[in-house]
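Trainee: I should like to request a close look at a single part of this structure. Please treat the matter in one connected account.

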Amino acid sequence: MTVPTAPTAPTAPTAPTASPAATAGPAGARETPEAVFDAAVAADERIEPRDWMPEAYRASLVRQIAQHAHSEIIGMQPEANWITRAPSLRRKAILMAKVQDEAGHGLYLYSAAETLGVSRDELLDKLHTGRQKYSSIFNYPTLTWADVGAIGWLVDGAAITNQVPLCRCSYGPYARAMVRICKEESFHQRQGYEALLALSRGTPEQHAMAQDAVDRWWWPSLMMFGPPDDESSHSAQSMAWKIKRHSNDELRRRFVDICVPQAEALGLTLPDPELRWNEERGHYDFGAIDWAEFREVLKGDGPCNEQRITQRRRAHEDGAWVREAAAAHAAKHGEATR
Ligand SMILES: [Fe+2]
Ligand SMILES: [Fe+2]
């Protein structure tokens with residue numbers, strides 16, 4: 001998912017770009033590489049890794065794709081917490097598949113970032129040392145089984161709202177990765193909805209558990225769209241480059257409009273007394289978001305920030321032997337086929 005809230009990372013991409021030599025335009029005039037790039041973006045064409053691109057475009061993509069990749073793999077933690085305690089074999093199998101999907105999303109995205117000339121090691125190091133962010137939603141705890149349903153419905157649902165427009169992102173490898181990711185996120189959203197529906201229609205205790213999870217996840221899921229448009233430092237440039245297609249507030253409104261009827265169908269209440277249909281605007285009005293909480297969690301003071309990053313670092317260290325074995329195997333295989 002994409003949460004365009006992290007400060008710009010001081011990334012210095014190193015990949016060589018395609019020759020910046022001027023090319024002949026249609027009228028025989030010499031076109032600068034910038035003009036070729038601008039024309040491709042204006043014509044809704046894809047920018048590919050070997051094409052010339054402005055350094056700021058490359059750096060912005062690295063920041064966004066890395067943050068997205070980090071969110072996918074950190075996002076495995078809160079749900080993995082419930083794999084061993086899933087209420088049935090069916091639920092356990094579904095949850096395992098979902099958590100594995102998130103690992104796969106991380107892999108596609110790190111690969112997309114690598115096409116911009118950064119290594120996965122470098123990106124992981126930045127995550128582990130706090131120099132790149134992940135979505136702050138994953139710094140909240142999963143207290144009950146219903147949280148797995150609420151995450152699927154709301155967090156994966158918000159991710160889809162954010163990511164479907166990214167399938168048309170101007171950078172080819174990111175856009176293509178997003179197509180498959182969105183298909184899988186759609187499954188995640190439905191499994192969450194279905195799990196919540198089962199609880200909502202269950203015993204009074206199960207219904208209360210579902211309602212409590214929705215009460216806790218609703219507001220953080222609205223924060224996933226990032227700060228309001230007038231405070232979002234990256235939005236305008238990202239939209240001009242057609243990396244982003246819609247503003248944070250626009251996507252947030254769209255998400256609220258989708259969720260309200262779904263909550264009614266679930267028999268659950270969204271925890272916002274100000275939520276009501278606005279005939280004039282054709283959208284639901286909703287209450288004020290607690291941006292102070294958002295900033296606290298983003299800067300590292302959320303309920304689980306430390307736990308998440310500690311666990312990630314430990315998993316990385318525990319996996320060192322796998323990376324070494326894979327590298328040794330690749331070296332040996334390379335020698336054998338030489
Ligand atoms: Fe994902
Ligand atoms: Fe997902």
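At what angle do H5 and H12 pack, and how far apart are their axes?

Mentor: The model is a predicted one, and what follows should be read on that footing. H5 and H12 pack at an angle of about 145°, and their axes are 10 Å apart. On the H5 side, Leu 124, Leu 127 and His 128 make the contact, and on the H12 side the residues are Ile 309, Arg 312, Arg 313 and His 316. By class, this contact of H5 with H12 divides into 3 nonpolar, 2 polar and 2 charged residues.

The spacing of these residues may be read against the general geometry of a helix. An α-helix has 3.6 residues a turn, so residues three or four places apart point the same way.

The burial of H5 extends the picture. Leu 123, Leu 124, Lys 126, Leu 127 and His 128 of H5 are buried. The cover over the buried residues of H5 includes H12, together with helix H2 (55-74) and H4. After H5 comes Gly 130, which has a positive phi, near 75°.

Both helices also take part in pockets. The largest pocket has a volume of about 440 Å³. It is lined by 14 residues, of which Ile 73, Leu 124, Arg 312, Ala 315 and His 316 are the closest to its centre. Two or more lining residues come from each of helix H3 (76-80), helix H4 (89-114), helix H5 (120-128) and helix H12 (305-318). With 4 residues, H12 gives the most to this lining. The classes represented in the lining of the largest pocket are 7 nonpolar, 3 polar and 4 charged residues. Leu 124, Arg 312 and His 316 thus recur: they belong to the contact between H5 and H12, and they are among the residues closest to the centre of the largest pocket.

The second largest pocket has a volume of about 250 Å³. Of its 17 lining residues, those closest to the centre are Gly 130, Tyr 134, Gly 300, Asn 305 and Ile 309. H5, helix H11 (291-301) and H12 are the elements that give two or more residues to this lining. Here the lining has 5 nonpolar, 8 polar and 4 charged residues. Gly 130, with its positive phi after H5, is one of the residues closest to the centre of this pocket. Ile 309 is likewise among those closest residues, and it also takes part in the contact of H12 with H5.

Helix H11 can be followed a little further through Asp 301, which lies in that helix. Asp 301 has a relative accessibility of 49% and therefore counts as partly exposed. Between Asp 301 and Asn 139 there are 8.9 Å in space, C-alpha to C-alpha, although the two are 162 residues apart in sequence.

Helix H2, part of the cover over H5, offers a further residue for inspection. Ala 59 lies in H2 and is buried, with a relative accessible area of 16%. Ala 59 and Leu 116 are 57 residues apart in sequence, and their C-alpha atoms are 8.6 Å apart in space. In the loop between helix H1 (33-42) and H2 one finds Asp 44. This residue has a positive phi of about 65° although it is not a glycine, and at 43% relative accessibility it counts as partly exposed.

Another helix pair may be set beside that of H5 and H12. The axes of helix H8 (residues 204-223) and helix H10 (residues 248-266) come within 10 Å and cross at roughly 150°. H8 and H10 are therefore roughly antiparallel to each other. Trp 218, Ser 221, Leu 222 and Met 223 of H8 make the contact with Arg 252, Phe 255, Val 256 and Cys 259 of H10. By class, this contact has 6 nonpolar, 1 polar and 1 charged residues. Lys 242, in the loop between helix H9 (235-240) and H10, has a positive phi near 60° and is a residue other than glycine. At 19% relative accessibility, Lys 242 counts as buried.

As for the setting of these parts, the chain has 13 helices and 4 strands. Of its 338 residues, 52% are buried. Among contacts in the chain with a separation of 6 or more, 79% are accounted for by residues 24 or more positions apart.

Key: Residues numbered from 1 in each chain as written. Chains lettered and ligands numbered in written order. Predicted model: local features only at pLDDT ≥ 70, side-chain atom pairs only at ≥ 80, totals over all residues. Heavy atoms only, no water. 1 Å grid on protein atoms, 1.4 Å probe; cavity = no way out; pocket = protein on both sides within 12 Å on 5 of 7 lines; lining within 4 Å. Points joined across faces, edges and corners; volume = space filled by probe spheres on them. Nonpolar A, V, L, I, M, F, W, Y, C, P; charged D, E, K, R; others polar. Axes fitted to C-alpha atoms, helices over the stretch in contact; angles between N-to-C directions. Parallel < 35°, antiparallel > 145°, perpendicular 65-115°, else oblique. Contact = heavy atoms within 4.5 Å. Buried < 20%, exposed > 50% of the residue type's maximum accessible area, 1.4 Å probe, protein only.
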